[in-house]
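Subject: Structure handover

Hi,

Here's the structure I said I'd pass on. Have a look, and my notes on what turned up are underneath.

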Amino acid sequence: MAGTRKAAVAVVLAALALTATACNNNDDSKNAAPAAPTTAAPTTAAAATPSAAATPTKVSPAVYLEQVSQKTSAAKSAKVDETITIGQVTMKGQGAMDWSDGLEADLTMDLTGSPMAKVLEPLTGGPKVHYLYTKDAMFMGLGGQLVQSGGGPRWLRYDKAEMSKASGGSTDQLQSADPVQGVRTLIASGKVTEVGPETVNGKATTHYSGELAAADLVKASGPGVTQEQAERIKQNLDKAGVTSEQVDVWVDADQLVVKRMEQADTKAGPMNVAVSYSDYGTPVIASTPGDFLTLADLAKLADSGSGS
């Protein structure tokens, strides 16, 4: 019946809006469901002592991190493992991403710890959600009742314009997992400091930290952000109660990012986004699926009143 389809469309719109905003990780929603973000099994290398980390001695932390951004950028891809906590809600993601020519990714998010898991279950068939990010769109894997009522398509397409609108201006929904952007965000703080050597995921690393004010966060949102989009991002930050964000990165002896963390206080509670990286250079296959619905398709299905 039309009512069932209309309800399905409403759930999809709400779920995807939350997905997009969580990936921008500046939203105030307590139930944010990320897409994004990612998989990284810990490295199998034997644990090294923190003293073995490559600690720069002749350049400033900002200059050294610029070198790190260049080395990490040249690595092109990695496996990622992300944990997002907002207040009492925790979500986890695993997969791989490629930043060599825009951002592409193949990620599976486990929303078991989020109230959104039950909301999304009619769409996904369970608490785990499969996402594909191509250069111009995001695809969310479908299952359960929606696939049956919608005639069987296995994916829902959500283009960048729709993601930008839902997220309040962000044009890149994978920034929360992009290691290069993470380093550049830290450099943008203008106050980056070297914390010191630490062992992370069995690797000797050097820890760097910095804090960005809300205005700096808007500037660090990425290239190509228009004035209108920047204003919407600023409004979202104000609405969420975010006045500043702490950014930390851990870098190994090869000048590659091993871990990135972002922390902020929001009206929904403390936000913590932690992403680990491994297997740099791993191949990432995120091609456009052959069978998918668009939001417009779903709206037409709802209006048709056909099916149950």
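Let's start at a turn: the hairpin of β2 and β3 has five residues between its strands, and Gly-102 there takes a positive phi near 80°. (Helices and strands here are DSSP runs numbered from the N terminus: H or I over at least four residues for helices, E over at least two for strands.)

Some ground rules before the rest. This is a predicted model, so local features need pLDDT of at least 70 and side-chain atom pairs count only at pLDDT 80 or more, while totals for chains, interfaces and linings use all residues. Residues are numbered from 1 along each chain as its sequence is written, and side-chain values use heavy atoms, with hydrogens and water left out.

**Confidence**

The protein's mean pLDDT (the predictor's confidence in each residue, from 0 to 100) is 74, and 64% of its residues reach 70 or more. Confidence is lowest in helix α1 (residues 2-24), with a mean of 45, and highest in strand β7 (residues 193-200), at 96. Residues 13-52 have pLDDT below 50, and the model gives this stretch 131 contacts beyond near neighbours in sequence (a contact means heavy atoms within 4.5 Å). Residues 1-6 also stay under 50, with 14 contacts beyond four places in sequence. Where pLDDT is low, the predicted coordinates should not be read in detail.

**The sheet**

Twelve strands make up an open sheet of mixed pairing, in the order β7-β8-β9-β10-β11-β1-β2-β3-β4-β5-β6-β12. (Two strands pair if DSSP finds at least two bridges between them.) β7 and β12 (292-294) stand at the edges with a single partner strand each, so one side of each has no neighbour in the sheet. On average, neighbouring strands are turned by 20° against each other, direction ignored. (Axes are lines fitted to C-alpha atoms, for helices over the stretch in contact, and angles run from 0 to 180 degrees between N-to-C directions.)

The run from β1 to β4 is worth following strand by strand. β1 and β2 pair antiparallel over ten bridges; they form a hairpin with two residues between them, where Gly-87 in the turn has a positive phi of about 65°. Next, seven bridges join β2 (residues 89-98) to β3, again antiparallel. Then β3 (residues 104-110) runs antiparallel to β4 (residues 128-133), with six bridges.

You can trace a path of bridge partners across these strands. Ala-78 has Met-97 in β2 as its partner, Met-97 has Ala-105 in β3, and Ala-105 has Tyr-133 in β4. Another path goes from Gly-93 to Met-109 in β3, and from Met-109 to Val-129 in β4.

What about burial? (Buried means under 20% relative accessible area, exposed over 50%, partly exposed in between, with a 1.4 Å probe and protein chains only.) Seven of the ten residues in β2 are buried. In β3 the side chains alternate: Ala-105, Leu-107 and Met-109 point to one face and are buried, whereas Glu-104, Asp-106, Thr-108 and Asp-110 point to the other and are not.

**Helices on the sheet**

Helix α2 (residues 61-75) lies across β1 (77-86), β7, β8 (203-213), β9 (244-251) and β10 (257-266), at about 70° to β9. Helix α3 (residues 116-124) packs on the sheet too, touching β4 and β5 (137-141), and its direction makes about 90° with that of β5.

Which residues of α3 are buried? They are Met-116, Ala-117, Leu-120, Leu-123 and Thr-124. These cover an arc of only 105° around the axis, which puts them on the same side of α3. (The arc is that of the directions from the helix axis to the C-beta atoms.) Just after α3, Gly-125 takes a positive phi of about 85°.

**Salt bridges**

There are five in the structure, a salt bridge being a side-chain nitrogen of Lys or Arg within 4 Å of a carboxyl oxygen of Asp or Glu. One of them joins Lys-135 and Asp-101 at 2.7 Å, N to O. That pair links distant parts of the chain, 34 residues apart: Lys-135 is in the loop between β4 and β5, Asp-101 in the loop between β2 and β3. Lys-135 counts as partly exposed at 44% relative accessibility, as does Asp-101 at 45%.

Asp-136 pairs with Arg-157, with the closest N and O atoms 3.6 Å apart. Asp-136 is in the loop between β4 and β5 and Arg-157 in strand β6 (residues 155-159), so this salt bridge ties together parts 21 residues apart in sequence.

Arg-260 and Glu-262 also form a salt bridge, their closest N and O atoms being 2.0 Å apart. Arg-260 is buried at 3% relative accessibility, and Glu-262 is buried at 4%.

Cheers
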